[in-house]
Amino acid sequence: MDSKSMSRVFLLSLLLVLLTVNFASFEESLDGSCGNKKDGAERLKGSDTSCGCKSNRKTNKEIDDDHSDVTVVTDEGQDELNDELQPSYTDNMVYIQGGQFTMGLNDPILIADGEYPARGVTVSSFYMDMHEVSNQDFERFVNATSYKTEAESFGDSFVLQSLLSEQTLKSITQAVAAAPWWLPVKGASWKHPEGLDTHIKDRMDHPVVHVSWNDAVKYCNWLNKRLPTEAEWEYTCQGGRKNRLYPWGNKEMPKGKHYMNIWQGKFPAENSKEDGYISTAPVTEFPAQNKYGMKNIVGNVWEWTADWWQVNHSSAKSKNPTGAISGKDKVKKGGSYMCHKDTCYRYRCAARSQNTPDSSAGNLGFRCASSELPKYLQRNNDEL
Ligand SMILES: [Ca+2]
Ligand SMILES: [Ca+2]
């Protein structure tokens, strides 16, 4: 058995014995990382800060107007590109002007997640994908490289039970005692998100899922991009706004409008789908979440970052931090369509979680960053 297979076996074993895990930790039950976390009440301490705060929230129009100072790299003029690689309409990159910001919180909401302390961080300028990587984007990569994802190599991946067909459910003999809503589904992969009787052809503009951290790195590198550091991701999420829970402010639904794809109803039994989506939404769906025009940076699917996971952070100022030197897990950010405030209040800029680099699931994707504008997008930028 190779090391990756051993890692997966260990992962599954860990899942099966996590009998004491709190219900609130469902998102992390995938890799057992929630086993030692605080109980729900303590972990959600202070979680009502999204209520009653008077922030400078902007209307959709005002947020849209804010985009005037942002360089958006589009696929316009792609016919004139000489490069073999052509941009797609969902792999636009946004120039993020570097600067200083406050990363983390001095009053953490989920203490065990390592949201503490607030610390001054400087990041250099970089480019960030406006959207999560879509199925269409990932298919282009696979068609060009014949790349096989880790989920395809392992032969299975984790899917939310309520999304499975009866036939697929009947075929599953394993269950995770502490997190029965997560099921290992044979054949589940980016092409078959809920098993072999499902396909992405009707959702090519949805985020690619069932991609491991290793898969994400391969994809980004193919485009001369890379994964963002956690600091870059959080800086982008904040969009220049200070002391705010979400990219747009402190209120989950400004003026009653949905800005992200999360879970409404009582998880996992009921999803009232008030935001329009039970599972993933198109990467272009929902309003831009901040002045950078970021779409779904919180919500929809979790996003891998480059950093190794750690929960103890120095309060000292730093420049371009890259996380722990080594570790077992990678940092993921932004929460997913499975997140509800009562059970997984992690669709906030400062929130964070982790998975092993070979993990994959139906609610975990990514977006890429780059220090320089990739060559295949350069021409478009020059024309702006
Ligand atoms: Ca939803
Ligand atoms: Ca996201």
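Trainee: Why is C237 called buried?

Mentor: This is a predicted model, and in it C237 has a relative accessible area of 0%. Buried means under 20%, so C237 counts as buried.

Trainee: What makes C237 and C349 a disulfide?

Mentor: Their sulfur atoms lie 2.1 Å from each other. The cut-off is within 2.5 Å, so the pair qualifies. C237 sits in helix α8 (residues 230-238), and C349 in the loop between β10 (330-333) and β11 (353-355), 112 residues apart. The link is left-handed, with -75° about the S-S bond.

Trainee: How do you know whether C349 is buried or exposed?

Mentor: Set its 2% relative accessibility against the limit of under 20%, and C349 therefore counts as buried.

Trainee: What makes C220 and C368 a disulfide?

Mentor: Here the S to S distance is 2.2 Å, and that is within 2.5 Å, so this pair qualifies too. C220 belongs to helix α7 (residues 213-222), while C368 is in the loop between β12 (364-365) and β13 (369-370), 148 residues apart. With the bonded cysteines numbered in sequence order, the pairing is 1-4, 2-3.

Trainee: What makes D275 a donor of the calcium ion (ligand 1)?

Mentor: The protein donors, D275 (OD) among them, lie 2.3 to 2.6 Å from the ion. For Ca the cut-off is within 3.2 Å, so D275 is a donor. The others are N261 (OD1), I262 (O) and Y277 (O), and the spacing along the chain reads N-I-x12-D-x1-Y.

Trainee: And why is D275 called buried?

Mentor: Its relative accessible area is 8%; the limit is under 20%, so D275 is buried.

Definitions and conventions. Residues numbered from 1 in each chain as written. Chains lettered and ligands numbered in written order. Predicted model: local features only at pLDDT ≥ 70, side-chain atom pairs only at ≥ 80, totals over all residues. Heavy atoms only, no water. Donors = N, O, S within 2.8 Å, 3.2 Å for Na, K, Ca; no water. Buried < 20%, exposed > 50% of the residue type's maximum accessible area, 1.4 Å probe, protein only. Helix = DSSP H or I, 4+ residues; strand = E, 2+ residues; numbered from the N terminus.
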